[in-house]
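Reader: I would like to understand how the words used for a protein structure are justified. Could you take me through some of them, setting each value against its definition?

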Amino acid sequence: MTERTLSVEDYPLAEKRPEIVVGCRGKRLADLTLENVMSGAVTLDDLTITQRALNQQAEIANAASRPTLAANFMRAGEIVDVPQDVIMQTYELLRPGRARTKAELLAAADDLRDRYGATRMAAFIAEAADVYERRGLFKKRY
Amino acid sequence: MADAPRPPANRWKRFSDWDERPLRLDQFAAEDPDNGFAAFKSPHDPQASLSWVNGRASIMDGTQAADFDMIDEFIARYHLDESIADEAMAMSSLTLARMLVDMNVPRAQLVRLAHGLTPAKLADVVSHLSSLELAFAYSKMRARRTPGNQAHVTNAKDDPLQLAADAATAVGFGFDEIETTTRVARNAWSNALACAVGASVGRWGTLFQCSSEEAEELRIGMAGFTSYAETVSVYGTEQSFVDGDDTPWSKAFLAAAYASRGIKMRCTSGAGSELLMGFHERKSLLYLEARCLCLQRAMGVQGTQNGGIDGAPVTCTVPGGMRELMAENLIAVWLDLECASGNDARPTESEIRVGAKILPYLIAGSDLICSGFGSILKYDNSFNASLLNGEELEDYLVLQRDFEADGGLSPMDESMALTVRARAVDALSAVLDDLGLGAPTGDMKASVIAASGSDDTRSYLPRDAALMSEAIQAKSITVVDVIKALARRGFEAEAHNLLNLVRLRVSGDYLQTSAVIRGGRVISAINDANDYSGPGSGYRLSGDRRDQIIAIRDVLTRDNVLRAEGMLRGGEVRRISYRTMGPARQSEDRSEVVIGISPAFGIELFQTIAGHPLSAVTKALSDGLTEGGATARFVRMRHTADTSFLGLSAARLSGSGIGIGLQAKGTAVIHQKDRLPHNNLELFSNAPITSLDHYRLMGRNAAAFTRGELPAPIVVPTRGEALGARFHARVSLIYAIETSLIEDGASPHDVEIAWIGPKQ
């Protein structure tokens with residue numbers, strides 16, 4: 001059975017649909033109490049967003065006629081599990097002149113797709129590589 | 001000897017006066033499109049156009065796809081919706097402009113059309129609107145119904161204790177978001193921790209950001225200290241973008257990165273940034289900004305910090321600059337973006353321009369009216385002074401009350417301010433101690449709690465903050481450690497509040513457009529959508545909210561005015577006695593002047609508005625009459641409290657035909673029995689600035705009139721004080737006490753006054 005697509009009526013999820021809000025280690029909102037924080041049962045890892053939550057918010061954004069916001073949530077969902085240093089390296093590589101060749105950017109895109117399943121984000125970065133090439137951004141800046 | 005001829009003046013002195021006004025510190029620039037100084041229109045702006053080939057834009061605003069720069073490319077790919085574009089682009093700009101101000105055209109219909117409009121078209125449409133229409137359209141088009149506001153919380157020393165106290169204070173005033181930054185870049189972590197703790201005092205839900213270097217800002221967010229980011233800047237020309245060290249793709253990647261960490265994010269753009277960065281391509285400010293805004297919608301960010309921002313001061317040097325800032329904000333909300341609408345970097349030294357700048361936003365409402373409001377003093381603002389600052393915060397509270405407009409803030413009384421500041425300082429001190437980050441002394445804490453600004457504190461200095469920041473990173477302290485420390489040290493309420501804020505990340509509800517937290521609930525453009533469709537719809541002040549807004553401090557009531565008068569009674573009883581002698585008759589004594597006093601004079605009211613005891617005023621008048629060779633007879637009028645009629649009635653009883661009317665509040669008039677009521681001989685209408693000497697001289701002049709002389713009138717000099725603003729509320733309440741004692745047809749009574757000297 002597939003879940004029905006969420007609508008604006010389901011928003012805010014924490015209020016209207018708490019049963020479908022689940023942390024990355026399986027904890028529900030009701031488990032995220034001060035008591036459980038003090039005992040160590042809840043850690044910072046339990047207080048992070050999940051790909052599922054971002055996809056749910058994307059459904060709601062689409063239902064609210066905000067397709068570009070939804071697309072951003074979908075891209076974001078793909079990189080939830082990408083470690084911080086990889087995020088920062090990829091961001092750095094996307095800045096002007098950091099990648100000296102198109103191939104460098106394409107390799108970063110492949111890496112995100114192959115290791116993290118981030119297909120949308122990979123395509124997005126590959127598209128950037130094309131545009132950077134046409135606009136002459138693969139050049140030394142400092 | 002004749003006067004030597006004077007050289008003709010080379011200047012009207014008024015210009016010298018104007019030279020001294022703060023306004024003249026502002027610079028104004030000539031309109032000059034070739035050099036980027038044009039607000040709405042440059043001859044180099046493209047004509048709006050859009051064509052499609054095989055589902056892709058082939059020409060946009062006059063540029064062929066092959067020549068698209070990165071910004072064009074991104075907008076064409078992600079912003080423009082081919083299924084709407086033909087319909088939308090075919091509409092005339094004037095038609096669209098009229099729809100923006102038509103309350104019968106729903107917001108959603110206009111938002112849909114915007115998905116098919118190019119930057120040049122959007123700019124052209126809003127150019128048709130006057131400032132009033134821009135404000136009205138903004139009010140109709142903004143995404144969330146309930147208005148809000150954002151505060152800057154920083155200080156010149158990066159002192160964590162003061163940051164905590166000021167963050168708690170900002171929460172107390174009702175700000176929805178708090179933004180901090182540092183004087184010294186290394187201090188970002190201690191700033192973040194301190195503000196996070198301070199913002200947890202009182203209630204939960206104030207979103208918090210720490211503006212710093214991009215990578216570090218994201219790391220601080222991941223440690224849980226911050227809940228939103230907004231300093232992700234975009235620019236309207238490719239070269240500015242590249243000099244800003246980014247591209248539309250790198251910024252869009254960053255936008256996704258923030259969302260992937262559950263952190264709310266908006267971009268920043270504003271007129272004038274390309275001008276400041278030297279790559280304006282001779283385009284108008286508005287056209288470049290329309291590009292920035294289309295780009296932001298294309299990137300999929302939920303909102304924008306927009307309206308000049310750092311470029312607001314240069315924008316305001318150009319003709320129409322302030323109107324342009326309103327126009328770009330309108331494009332932002334038309335594109336369905338949350339708008340933190342500038343009113344940020346102070347664009348002028350003129351307080352009149354400040355007030356004029358904020359008013360349209362205050363009455364139209366905005367997701368975040370300021371981005372932000374300097375809740376601290378100007379010199380403590382590490383972003384530079386804001387349009388409005390700690391100095392002027394009460395002025396803003398009063399503007400809300402004047403216009404019955406919700407500017408997002410609420411007055412806070414003095415004891416509450418002190419309470420939340422102390423609580424924040426204690427909470428942070430406990431956390432610092434618990435986590436081995438510091439042990440503030442009692443003196444440090446006390447100095448911060450009372451401090452208006454960092455000049456008043458004896459607390460941490462920038463180097464201390466740097467060491468603390470290093471320690472936070474070295475110990476890998478996260479928000480969870482802070483929550484635990486708060487709870488361990490007895491700050492359970494604050495621990496809960498902070499946990500609630502971090503918990504928002506799990507569902508991501510607050511990532512949707514225009515989300516803020518009110519009363520422990522996420523409200524956004526989805527569940528609090530702006531539904532304006534004319535009077536009676538959209539955001540309206542509730543009765544409760546109105547009660548909050550009007551509750552400013554030190555408000556006069558009839559009771560507290562009467563109580564204040566009552567406190568003077570005892571003093572006056574020791575200085576003067578009034579003995580009622582019975583009905584007053586007309587006298588034959590040609591040397592007398594009758595002084596007609598008002599009904600409540602010396603009975604309910606005991607001093608003038610200037611603060612002179614009535615015993616002293618009556619004595620001064622009497623002395624003046626004696627010096628001038630006349631005598632005083634006091635008569636209490638009971639049929640009128642009006643100065644003119646007091647004076648005229650007195651004159652008609654007076655053997656000389658000259659009378660003085662004297663109200664308890666100090667207004668005095670010399671009258672003559674044959675004149676019309678309001679055509680007096682001399683009048684002291686400005687009681688608040690009338691001195692005892694003036695009353696004495698009035699007595700002398702009245703004496704001169706009894707001898708048929710024409711003395712030089714006594715002029716009470718005014719320096720243009722807004723006396724009505726200062727005194728009229730009290731005057732009205734006092735005067736009502738006088739009129740309440742009036743009896744129709746009651747006859748005047750002679751009153752024998754005796755002044756009682758100081759006891760030996």
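Author: Let us begin with a pair of strands in this predicted model: strand β2 (residues 56-60) of chain B pairs with β3(B) in the antiparallel sense, over two bridges.

Reader: What makes β2(B) and β3(B) a pair?

Author: Two strands are said to pair if at least two bridges are found between them, and β2(B) and β3(B) are joined over two bridges, so the requirement is met. Within this stretch, Met60(B) stands opposite Thr63(B), which belongs to β3(B).

Reader: Why are β1 and β3 of chain B called edge strands?

Author: The open sheet is formed by three strands in the order β1-β2-β3 (chain B), with antiparallel pairing. In that sheet β1 (50-53) and β3 (63-64) of chain B each pair on one side only, and they are the edge strands.

Reader: How do you know that Val522(B) is buried or exposed?

Author: A residue counts as buried if 20 or more other C-beta atoms lie within 10 Å of its own; Val522(B) has 24 C-beta neighbours inside 10 Å, and therefore counts as buried. Val522(B) is placed in strand β13 (residues 521-523) of chain B.

Reader: Which residues does Val522(B) touch, leaving aside those up to four places away in sequence?

Author: Val522(B) touches Asp509(B), Tyr510(B), Ala515(B) and Ile517(B), and also Pro12(A) from chain A. Tyr510(B) is 12 residues away from Val522(B) along the chain, while the C-alpha atoms of the two are separated by 6.3 Å.

Reader: What share of chain B is buried?

Author: Of the 760 residues in chain B, 56% are buried. The chain contains 29 helices and 20 strands, and its C-alpha trace spans about 110 × 65 × 65 Å along the principal axes.

Reader: Why are the buried residues of helix α18 of chain B said to lie on the same side?

Author: The buried residues of α18 (residues 393-403) of chain B are Leu393(B), Tyr396(B), Leu397(B) and Gln400(B). Around the axis they cover an arc of only 105°, and this is why they are placed on the same side of α18(B). Those buried residues pack against α17 (351-364) and α24 (543-550) of chain B, whereas Glu394(B) and Asp402(B), on the other side of α18(B), are exposed. After α18(B) comes Glu404(B), which has a positive phi, near 45°.

Reader: Why is helix α6 of chain A called roughly antiparallel to α7(A)?

Author: The axes of α6 (residues 102-116) of chain A and α7(A) cross at roughly 175° and come within 8 Å. Angles over 145 degrees count as roughly antiparallel, and therefore α6(A) is described in that way with respect to α7(A). Among the residues making this contact are Leu105(A) and Leu112(A) of α6(A), together with Ile125(A) and Tyr132(A) of α7(A). By class, the residues of the contact divide into 12 nonpolar, one polar and four charged.

Reader: How many residues does each chain bring to the contact of chain A with chain B?

Author: Chain A brings 47 residues and chain B brings 52 residues. On the side of chain A that touches chain B, the largest share comes from α4(A), with seven residues. That side of chain A has 34 nonpolar, eight polar and five charged residues.

How values were computed: Residues are numbered from 1 along each chain as its sequence is written. Chains are lettered from A and ligands numbered from 1 in the order in which they are written. This is a predicted model: local features need pLDDT of at least 70, side-chain atom pairs count only at pLDDT 80 or more; totals for chains, interfaces and linings use all residues. A residue is buried if 20 or more other C-beta atoms lie within 10 Å of its own, exposed if 12 or fewer, and partly exposed in between; C-beta atoms are placed from the backbone. Helices (H or I, at least four residues) and strands (E, at least two) are DSSP runs, numbered from the N terminus. The arc is that of the directions from the helix axis to the C-beta atoms. Two residues are in contact if their C-beta atoms, placed from the backbone, lie within 7 Å. Ala, Val, Leu, Ile, Met, Phe, Trp, Tyr, Cys and Pro count as nonpolar, Asp, Glu, Lys and Arg as charged, and the others, Gly among them, as polar. Axes are lines fitted to C-alpha atoms, for helices over the stretch in contact, and angles run from 0 to 180 degrees between N-to-C directions. Angles under 35 degrees count as roughly parallel, over 145 as roughly antiparallel, 65 to 115 as roughly perpendicular and the rest as oblique.
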